[in-house]
Amino acid sequence: MQNAATISHLIKEFPAGDESIRVLHDINAEIRMGELTMLVGPSGCGKTTLISAISGILSATSGEVDILSHRLSRMSDKEKVLFRRESIGFIFQQYNLLPALTAAENAAMPLIAAGVLDEEAADRARVILEHIGMQGHTEKLPRQLSGGQQQRVAIARALVHNPKLIVCDEPTAALDAKTGQAVMEILRDIANDTNRAVLIVTHDNRIYHFADRILEMSDGRIIGDYATDAFIHKEKL
Ligand SMILES: Nc1ncnc2c1ncn2[C@@H]1O[C@H](COP(=O)(O)OP(=O)(O)OP(=O)(O)O)[C@@H](O)[C@H]1O
Ligand SMILES: [Mg+2]
């Protein structure tokens, strides 16, 4: 089985005055199809930078990322944008909802970008929204929703076009325990499909058990690759 993503000797530096700071040091990792992989580690260790480099939002300083049979370094910026739009669903810390669109319209955006007609796209978005506890809120504007409800709109938007890879940065951070579990159950189902993969950055130890594998980062490096049970056991010691 092909990996969803293979990361080889990835280095990322950011400019800092006349110098540069290295934030990712020689990262090697595999994100496998049919798995839910979590990426954990302290604040500032490079998790968001790594998932941004894996998904081609940030370009690597050196090293390679192969993702869903594409080598990022061989793609133009425009190709990367089109590829991301079609194949990756993002759930990021900022929800980036469009203020003039309803919850259903926001969640339908990836389908509309793919050419699905507005009404059908909104209907498909409503189904997912209702599945994650948004009954009665699908026609509201973002400013009429709580933070956790806005996050659920962003989650529905990431899932609506059935992307092969879902990349999430703290998807449960703004959610109560029950909604967080509901969202994780959806992501778990997606990762059970052998042709899809889910990659989640999280600090939330209440959701670790949904993972197949946990990659631990520290200071710009991956310092451990664990089966979930082994990681949970280690954390309890
Ligand atoms: N655009 C940037 N320019 C310069 N430095 C950056 C940039 N983005 C991130 N960094 C630095 O890279 C390091 C890693 O940041 P990153 O956001 O990846 O951490 P993180 O593990 O996601 O942290 P958190 O858990 O707080 O979200 C930090 O020291 C951060 O200050
Ligand atoms: Mg982060």
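The largest nonpolar core in this predicted model has 68 residues, and those with the most contacts inside it are L39, V65, A107, A125, L129, A156 and L199. By a nonpolar core I mean a set of buried Ala, Val, Leu, Ile, Met, Phe, Trp, Tyr and Cys residues joined through C-beta atoms within 7 Å. A residue is called buried if 20 or more other C-beta atoms lie within 10 Å of its own, exposed if there are 12 or fewer, and partly exposed in between, with the C-beta atoms placed from the backbone. Helix α5 gives the most to this core, with six residues.

Before going on, a word on conventions: this is a predicted model, in which local features need pLDDT of at least 70 and side-chain atom pairs count only at pLDDT 80 or more, while totals for chains, interfaces and linings use all residues. Residues are numbered from 1 along each chain as its sequence is written, and chains are lettered from A and ligands numbered from 1 in the order in which they are written.

Let me stay with one of the core residues, L129. Leaving aside neighbours within four places in sequence, L129 is in contact with A103, A104, A107, M134, T138, R152 and A156, where contact is defined by C-beta atoms, placed from the backbone, that lie within 7 Å of each other.

Now to helix α5 itself, which covers residues 147–159. Helices (H or I, at least four residues) and strands (E, at least two) are DSSP runs, numbered from the N terminus. The 13 residues of α5 should span 18 Å at 1.5 Å a residue, and the end C-alpha atoms are 19 Å apart, which agrees; the expected span is 1.5 Å times one less than the number of residues. How many of the residues of α5 are buried? Buried residues make up 11 of its 13, so to speak of α5 as mostly covered is fair, and they include Q149, R152, A156 and L159. As for what they pack against, the partners of these buried residues are β6 (88–91), α3 (103–113), α4 (118–131), β7 (165–169) and α6 (177–191).

Just ahead of that helix, in the loop between α4 and α5, sits S146, which is exposed because there are 10 other C-beta atoms within 10 Å. The C-alpha atoms of S146 and A174 are separated by 9.6 Å, although the two are 28 residues apart along the chain.

Let me turn to the ligand. Around ligand 1 we find F14, V23, S43, G44, C45, G46, K47, T48 and T49, a residue being near a molecule if its C-beta atom, placed from the backbone, lies within 6 Å of it. Which element gives the most to this shell? Helix α1 (residues 47–54) does, with three residues. By class, the shell has three nonpolar, five polar and one charged residues, where Ala, Val, Leu, Ile, Met, Phe, Trp, Tyr, Cys and Pro count as nonpolar, Asp, Glu, Lys and Arg as charged, and the others, Gly among them, as polar.

Helix α1 also holds I51, which counts as buried because it has 22 C-beta neighbours inside 10 Å. Not counting residues up to four places away in sequence, I51 touches L39, V167, D169, L199 and V201. I51 and I200 are 149 residues apart in sequence, yet 8.8 Å apart in space, C-alpha to C-alpha.

For another setting, take K80 in helix α2 (residues 77–87), which counts as partly exposed because it has 17 C-beta neighbours inside 10 Å. Apart from neighbours within four places in sequence, K80 is in contact with G56, L72 and M75.

Two residues have a positive phi although neither is a glycine: H9, at about 50 degrees, and S69, at about 70 degrees. H9 is in strand β1 (residues 3–16) and counts as exposed, with 12 C-beta neighbours inside 10 Å, while S69 is in the loop between β4 (62–67) and β5 (70–71) and is exposed too, with 10 other C-beta atoms within 10 Å.

Finally, the whole chain: it has seven helices and 10 strands, and 41% of its 237 residues count as buried. A compact globule with 237 residues would have a radius of gyration near 18 Å, and the protein chain has 18 Å, which agrees; this radius is taken over C-alpha atoms, and the globule rule is 2.2 Å times the number of residues to the power 0.38. Among contacts with a separation of 6 or more, residues 24 or more positions apart account for 67%.

Notes
Contact = placed C-beta atoms within 7 Å.
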